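The following paragraphs offer a guided reading of a protein chain. Please keep the sequence and the structure in view while reading.

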Amino acid sequence: MIPAFYIFCLMVVVGVVLYLLDLRNRKRHPEQAAAQDAAQAAAEQAPSCADASCALHDMCPSEAILQCATSNEIVYYDDEELDAYKGRGASDYSESEIEQFRDVLYTLKPTDLIGWEQSMKKRGVVLPAPIRDEFIALYNEAKAKN
């Protein structure tokens, strides 16, 4: 019982020392700390495989999703005009705006579906709810064909 207590105390001391070193580093390099905080916040907002809001939760292990999710590069699919909708909610679109998303969605190759969806997320554009449903249906159809 005593050795476990010593191990616990050692872990607490190491944690406090690491915390103090991190504080000292943040004071010396505030711009680097801000960049790390922003990257961590972005990672927390991205849906995970366990997250119920991940529309592709049953396909998360696929290589395509893993490659798209780890890459910071934003790829455009001839859809630059959709950047105008950055920051909107899924239910904040008019029918004509939804039609713009639909035009892009149905011109994509089946192999580009995941990349396009990830590109939209990285650009801060939330897909309209009807387009999200159509995207899932198209992806499932393409997956079933393979």
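Buried residues make up 27% of the 146 residues in this chain. The model is a predicted one, and its accessible surface comes to about 10000 Å², with 60% of that area belonging to carbon and sulfur atoms. The secondary structure consists of six helices and zero strands; read from the N terminus, the order of elements is therefore α-α-α-α-α-α. Among the contacts in the chain with a separation of 6 or more, 67% are made by residues 24 or more positions apart.

Before any detail is read, the confidence of the prediction deserves attention. The mean pLDDT of the chain is 78, and 73% of the residues reach 70 or more. Among the elements, helix α3, residues 63-70, has the lowest mean pLDDT, 50, whereas α4 has the highest, 92. Over residues 46-64 the pLDDT is below 50, although this stretch has 24 contacts in the model beyond near neighbours in sequence. Where pLDDT is low, the predicted coordinates should not be read in detail.

Helix α4 is a suitable place to begin, given that its mean pLDDT is the highest among the elements. Which residues of α4 are buried? In this helix, which spans residues 95-105, they are Glu97, Ile98, Phe101, Arg102, Val104 and Leu105. These residues lie on the same side of α4, because they cover an arc of only 160 degrees around the axis. A general property of helices helps in following this pattern: an α-helix has 3.6 residues a turn, so residues three or four places apart point the same way. On the other side of α4, Glu95 and Ser96 are exposed.

Glu95 may be considered a little further. This residue lies in α4 and counts as exposed because its relative accessibility is 60%, where the cut-off for exposed is over 50%. Its C-alpha atom is separated by 9.9 Å from that of Pro128, and the two residues are 33 residues apart along the chain.

What covers the buried residues of α4? The cover includes α5, residues 113-122, and α6, residues 129-145. Two packed helices are described by the angle between their axes and the distance between the axes. For α4 and α5, the angle is about 145 degrees and the axes are 11 Å apart. At this contact, Phe101, Val104 and Leu105 of α4 meet Leu113, Trp116 and Met120 of α5. By class, the contact has six nonpolar residues, no polar residues and no charged residues.

Why is α5 described as largely enclosed by the rest of the structure? The reason is that eight of the 10 residues of α5 are buried. The buried residues are Leu113, Ile114, Gly115, Trp116, Glu117, Gln118, Ser119 and Met120. Three of these names, Leu113, Trp116 and Met120, have already appeared at the contact with α4. Just after α5, Gly124 takes a positive phi of about 80 degrees.

Another positive phi is found at Asp78, where the value is about 55 degrees although the residue is not a glycine. Asp78 is located in the loop between α3 and α4. With 65% relative accessibility, Asp78 counts as exposed.

How values were computed
Residues are numbered from 1 along each chain as its sequence is written. This is a predicted model: local features need pLDDT of at least 70, side-chain atom pairs count only at pLDDT 80 or more; totals for chains, interfaces and linings use all residues. Side-chain values use heavy atoms; hydrogens and water are left out. Buried means under 20% relative accessible area, exposed over 50%, partly exposed in between (1.4 Å probe, protein chains only). Helices (H or I, at least four residues) and strands (E, at least two) are DSSP runs, numbered from the N terminus. The arc is that of the directions from the helix axis to the C-beta atoms. Contact means heavy atoms within 4.5 Å. Accessible areas come from the Shrake-Rupley method with a 1.4 Å probe; for residues, only the protein chains shown count as cover. Axes are lines fitted to C-alpha atoms, for helices over the stretch in contact, and angles run from 0 to 180 degrees between N-to-C directions. Ala, Val, Leu, Ile, Met, Phe, Trp, Tyr, Cys and Pro count as nonpolar, Asp, Glu, Lys and Arg as charged, and the others, Gly among them, as polar. pLDDT is the predictor's confidence in each residue, from 0 to 100.
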